[in-house]
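Student: I've got a model open and a few labels I'd like explained. Can we go through them?

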Amino acid sequence: MKTFRWLGIIFVAIVGFVVYRALRQEDTVTAPQSNSKRSISPDLLAILADPGDKGPIELVSDAEGKEWLINRRNGFRYPVEDGIPIMLLEEGEKNKDDSIITG
Amino acid sequence: MSDSSINQSIQQQFGAVAANYTTSLVHASGADLAGLIAAAALSGTERVIDIGCGAGHVTFGLAPQAGELVAIDLTDAMLDQTRAQVAAKGFTNVRVESADAAQLPYPDASFDIAVSRYAAHHFADPLSCLHEIFRVLKPGGRWLLVDVVSPVAPMADTFLNAVEILRDPSHVRDHSVTQWLAMCQAAGFVAHHDTTWSVRLEFASWVTRMATPAPEVAQLRRMLIAAPAAVKQTLGIEDDCSFRIPVALISGVVPH
């Protein structure tokens with residue numbers, strides 16, 4: 001019985017680590033290497049703000065290559081659909097991810 | 001209705017009929033569109049925002065003279081239409097974004113000119129929208145509003161808003177020129193009423209464009225035919241139920 005308990009704990013630890021890595025990956029892919037793959041130009045980003053707190057937002061790609069405009073102050077994430085940023089508060093809140101919040 | 005349910009109503013209403021607005025003559029042409037473009041008097045360097053761009057007719061008219069233009073709307077299908085046309089026309093200075101006029105996703109003092117045509121009657125809270133527009137404009141920045149306005153006579157005002165909401169459930173209100181001027185001033189603008197045009201709405205295309213259901217179309221006909229004489233005269237209601245709406249250009253300036 002004890003062996004099974006240890007196997008269970010190890011399994012949970014591995015799953016936890018994989019999930020953690022997947023979440024971290026999402027916001028580490030932030031540096032725009034080549035603009036050709038990016039659908040939003042840096043000029044536009046400079047004048048885009050969060051519709052709620054009006055503060056700066058950041059363009060990131062997730063593991064599937066999908067682009068998001070994220071607010072690290074409250075975790076709101078705004079999707080970019082076919083190159084069109086969806087800058088609606090309810091969308092940002094719906095896709096909220098607390099793990100991207102930084103001090 | 002709360003603001004978000006009005007927004008959903010707008011998205012539902014216009015999502016289904018977006019393509020009709022690319023071809024609508026009332027929207028794609030007209031003295032008020034030319035008047036708005038002339039009033040903008042762009043010099044080629046301005047950063048412009050088109051609020052409630054719809055199928056993009058104002059955007060296409062202003063883009064050639066704008067430095068940079070951001071077109072926003074709430075309806076995805078409208079944004080797709082506009083974006084496709086932007087690409088087809090080869091405009092590289094236009095960006096299309098989904099945004100709410102009541103919560104603009106831009107920092108203060110981002111734009112030189114804000115324009116909006118045939119959209120403001122959908123604002124659930126017009127004063128909040130005007131405060132947001134004021135906020136994103138630079139000092140000295142200009143706001144050009146073109147929209148259907150209600151007639152001065154209260155009965156014609158009530159009648160026009162009644163037929164509008166029967167045809168389009170996402171309609172909020174056609175305000176009078178006086179109401180718009182007061183709201184613009186309350187938001188901080190130095191506001192002016194520049195022009196009013198009389199725009200004829202051909203009844204059949206007016207209801208077809210919005211895909212108004214048959215029972216509502218029948219009710220609209222009954223209302224327009226039975227309208228009081230004073231209302232018939234003010235709105236120029238014709239035998240086939242076509243009528244005329246006052247469309248005003250109101251301009252505001254952000255004081256330095």
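Tutor: Sure, here are some questions about cysteines, a helix and a few strands in this predicted model.

Student: How do you know that B:Cys53 is in no disulfide?

Tutor: Check the sulfurs. A disulfide needs a pair of cysteine sulfur atoms within 2.5 Å, and the nearest one to B:Cys53, that of B:Cys129, is 15 Å away. So with that cut-off of 2.5 Å, B:Cys53 is in no disulfide. Over all chains, the structure holds 0 disulfides.

Student: Why is B:Cys53 called buried?

Tutor: Buried means under 20% relative accessible area. B:Cys53 comes in at 7%, so it counts as buried. B:Cys241 passes too, because its value is 1%.

Student: Which residues of helix α7 of chain B are buried, and what covers them?

Tutor: The helix spans residues 126–136, and its buried residues include B:Cys129, B:Leu130, B:Ile133 and B:Val136. Their cover includes β1, β4, β5 and α9 of chain B.

Student: What makes strand β7 of chain B largely enclosed?

Tutor: Count its residues: 9 of the 11 in 243–253 are buried, so the rest of the structure largely encloses β7(B).

Student: How do you know that β5(B) and β7(B) pair?

Tutor: Pairing takes at least two bridges, and these strands have 7, so they pair, in the antiparallel sense. One of the bridges links B:Val146 to B:Leu249 in β7(B).

Student: And what about β6(B) and β7(B)?

Tutor: They run antiparallel, joined by 11 bridges. Here B:Leu249 turns up as the bridge partner of B:Thr195.

Key. Residues numbered from 1 in each chain as written. Chains lettered and ligands numbered in written order. Predicted model: local features only at pLDDT ≥ 70, side-chain atom pairs only at ≥ 80, totals over all residues. Heavy atoms only, no water. Buried < 20%, exposed > 50% of the residue type's maximum accessible area, 1.4 Å probe, protein only. Helix = DSSP H or I, 4+ residues; strand = E, 2+ residues; numbered from the N terminus. Contact = heavy atoms within 4.5 Å.
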